[in-house]
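Let us walk through this model step by step, from charged pairs to sheets and back to single residues.

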Amino acid sequence: MFTWTEKLKLAPSVITAPHFDRWLSPACGCRRETARLSFLVRRVERLDVAVVDVDDRVVTTLAAGLERRPGRVEFEWNGRDASDRIAPDGAYRLRIRLERAGRTILVPTEVHLDTRPPVVRLLGVSATSFSLGGDGITFRYAANEPAKPILLLGDRVALRGRLRAAGRAKLQWQGEL
């Protein structure tokens with residue numbers, strides 16, 4: 001028995017190379033409304049694919065009895081459960097049942113569902129004259145979660161900031177569009 005289990009450990013996985021969008025927010029009205037989930041299948045296989053929560057309970061089924069040839073298998077999850085309700089915020093994973101291989105794999109990569117928008121407070125604005133070679137306008141803000149600020153002038157994006165950790169940060173604009 002020991003030899004057989006050691007052999008299974010050394011056998012290449014039937015699926016490999018998972019690629020998941022790590023965050024989604026089903027009600028945001030943005031490109032993160034759905035998550036793309038994909039993986040490679042090494043040989044012809046019949047798949048059952050489910051999204052499961054941290055307690056390994058099925059939230060929704062993405063495929064049942066799907067026949068696939070070797071190659072990339074892609075799914076899109078809209079963050080909804082089997083009853084078409086938005087699932088609770090939290091971490092989710094894919095559970096893949098491989099009928100021909102007689103195995104079930106719980107993919108360790110998590111997809112995080114987040115429906116709460118960040119809370120951002122403007123702490124202050126300071127300006128230095130552009131004509132004097134100053135820094136322009138500095139916006140100081142605080143966010144309750146990691147955030148990537150965007151400065152809009154009307155409906156145009158004037159500046160895209162870098163992703164910053166939760167807490168206080170600043171965004172500097174030199175007056176260019």
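Which residue forms a salt bridge with aspartate 55? The partner is arginine 57, and the closest N and O atoms are 3.3 Å apart. A salt bridge here is a side-chain nitrogen of Lys or Arg within 4 Å of a carboxyl oxygen of Asp or Glu.

A word on the source. This is a predicted model: local features need pLDDT of at least 70, side-chain atom pairs count only at pLDDT 80 or more, and totals for chains, interfaces and linings use all residues. Residues are numbered from 1 along each chain as its sequence is written, and side-chain values use heavy atoms, with hydrogens and water left out.

Stay with arginine 57. Aspartate 53 also forms a salt bridge with arginine 57, with the closest N and O atoms 3.0 Å apart. Aspartate 53 is buried, at a relative accessible area of 16%. Buried means under 20% relative accessible area, exposed over 50%, and partly exposed in between (1.4 Å probe, protein chains only).

The whole structure holds 11 salt bridges. One of them pairs arginine 100 with glutamate 67, and there the closest N and O atoms are 2.6 Å apart. This pair links distant parts of the chain, 33 residues apart. Arginine 100 sits in the loop between strand 7 (90-98) and strand 8 (103-106), while glutamate 67 belongs to strand 5 (residues 58-68). Strands are DSSP runs of E with at least two residues, and helices are runs of H or I with at least four; both are numbered from the N terminus. Arginine 100 is partly exposed, at 47% relative accessibility. Glutamate 67 is partly exposed too, at 38%. The pair is part of something wider: salt bridges that share partners join Arg46, Asp48, Glu67, Arg97, Glu99 and Arg100 into one network.

Strand 5 has another residue to look at. Threonine 60 lies in this strand. Is threonine 60 buried or exposed? Threonine 60 counts as buried, because its relative accessibility is 11%. What does threonine 60 touch? Leaving out residues up to four places away in sequence, its contacts are Ala50, Val51, Trp77, Arg80, Asp81 and Ala82. Contact means heavy atoms within 4.5 Å.

Now turn to the sheets. One open sheet has three strands in the order 1-3-6, with antiparallel pairing. Two strands pair if DSSP finds at least two bridges between them. Strand 1 (15-20) and strand 6 (71-77) are the edge strands, each pairing on one side only. Neighbouring strands of this sheet are turned by 20 degrees against each other on average, direction ignored. The axes behind such angles are lines fitted to C-alpha atoms, for helices over the stretch in contact, and angles run from 0 to 180 degrees between N-to-C directions. How many bridges join strand 1 to strand 3? Four bridges join strand 1 to strand 3 (residues 35-41), and the two run antiparallel. Histidine 19 stands opposite serine 38 in strand 3.

Another open sheet of three strands has the order 10-11-14, again with antiparallel pairing. Its edges are strand 10 (120-127) and strand 14 (167-173), and each pairs on one side only. The twist averages 20 degrees from one strand to the next. Seven bridges join strand 11 (residues 137-143) to strand 14, and these strands run antiparallel. Threonine 138 faces this partner strand, standing opposite glutamine 172 in strand 14.

Next comes a covalent link. A disulfide is a covalent bond between the sulfur atoms of two cysteines. The search criterion is a pair of cysteine sulfur atoms within 2.5 Å. The whole structure has one disulfide. Which cysteines does the disulfide join? Cysteine 28 is joined to cysteine 30, with an S to S distance of 2.0 Å. The link is left-handed, with -90 degrees about the S-S bond. Cysteine 28 is partly exposed at a relative accessible area of 32%, and cysteine 30 is partly exposed at 36%.

Finally, check the backbone in two loops. Aspartate 56 is not a glycine, yet has a positive phi of about 65 degrees. Aspartate 56 lies in the loop between strand 4 (45-52) and strand 5. Its relative accessible area is 36%, so aspartate 56 is partly exposed. Aspartate 84 also has a positive phi, near 65 degrees, in a residue other than glycine. Aspartate 84 is found in the loop between strand 6 and strand 7.
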